[in-house]
Amino acid sequence: MKHGKNFTLGEYVIIKKPELVEAGDNVRISDFCRISSACEIGSDCEIATGTYISGGDGKYKFKMGSYSSLAAGVRIWLSSNDYVNELVTHSVPEVKEIQGNVTMEKFTGIGTNSVIMPNNHIPEGVSIGALSFVPSNYKFEPWTVYAGRPIKPIKKRNKENILKTLKKLGLLDKGE
């Protein structure tokens, strides 16, 4: 696994294919997380206790933009059975799965025990509330709060205040 400076990895983390995982500076992955997919984690990110990132067998990737977080118990799936059109088993080779990358851009967060299905692009500034379900190919609007099962937009986030705070702390360039 490649990582930047100030990287913290919990004692009880399982990374099945460390050669497929890289992380930037100031990243913390807490105990009892399991990563079995290709991952690219930006800087200043946190992955909280009990999070799973799974599926895709290295063909698909989870990308997490800088200043983002996954709360405790989040599940990110890069492949899943298709419960409508296919058998629900992995033992039959012809069974097709729902597959795809999951990308979180900068300044995003996913709340406790939420589930993100394959093939999702979560744009800059999106926040997803706890216990939410994100179906495959969901269409998000940047800087919006979402929640529910399935999710729906709740309200806009205060982009100006968030960026102002980061600039004040010297964590962003003046141009951002």
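**Notes on the sheet and its aromatic pairs**

1. A good place to start is the pair formed by strand S8 (residues 46-47) and strand S11 (residues 69-70), which run parallel and share two bridges. Within this pairing, isoleucine 47 has leucine 70 of S11 as its bridge partner. Strands here are DSSP runs of E with at least two residues, numbered from the N terminus, and two strands pair if DSSP finds at least two bridges between them.

2. Before going on, a word on the model: it is predicted, with local features needing pLDDT of at least 70 and side-chain atom pairs counting only at pLDDT 80 or more, while totals for chains, interfaces and linings use all residues. Residues are numbered from 1 along each chain as its sequence is written, and side-chain values use heavy atoms, leaving out hydrogens and water.

3. Now for the sheet as a whole: it is open, has eight strands in the order S2-S5-S8-S11-S16-S19-S21-S22, and its pairing is mixed. Strand S2 (8-9) and S22 are at the edges with a single partner strand each, so one side of each lacks a neighbour in the sheet.

4. Towards the S22 end, strand S19 (residues 127-128) runs parallel to strand S21 (residues 144-148), joined by two bridges, and serine 127 is opposite valine 145 in S21. S21 then pairs with strand S22 (residues 151-156) in the antiparallel sense over five bridges. Two residues make up the hairpin connection from S21 to S22, and glycine 148 has isoleucine 151 in S22 as its bridge partner.

5. Turning to the rings, the whole structure holds six aromatic pairs. Rings of Phe, Tyr and Trp (its six-membered ring) pair if their centres lie within 6.5 Å; planes under 30 degrees apart count as stacked, over 60 as edge-to-face and the rest as tilted. Tyrosine 12 and phenylalanine 32 are stacked, because their ring centres are 5.5 Å apart and their planes at 5 degrees. Tyrosine 12 is in the loop between S2 and strand S3 (14-15), and phenylalanine 32 in the loop between strand S5 (28-29) and strand S6 (34-35), 20 residues apart.

6. Another stacked pair is tyrosine 67 with phenylalanine 107, at 5.7 Å centre to centre and 15 degrees between the planes. Phenylalanine 107 is buried at 5% relative accessible area, whereas tyrosine 67 is partly exposed at 21% relative accessibility (buried means under 20% relative accessible area, exposed over 50%, partly exposed in between, with a 1.4 Å probe and protein chains only). Tyr67 and Phe107 form one aromatic cluster with Trp143.

How values were computed
Helices (H or I, at least four residues) and strands (E, at least two) are DSSP runs, numbered from the N terminus.
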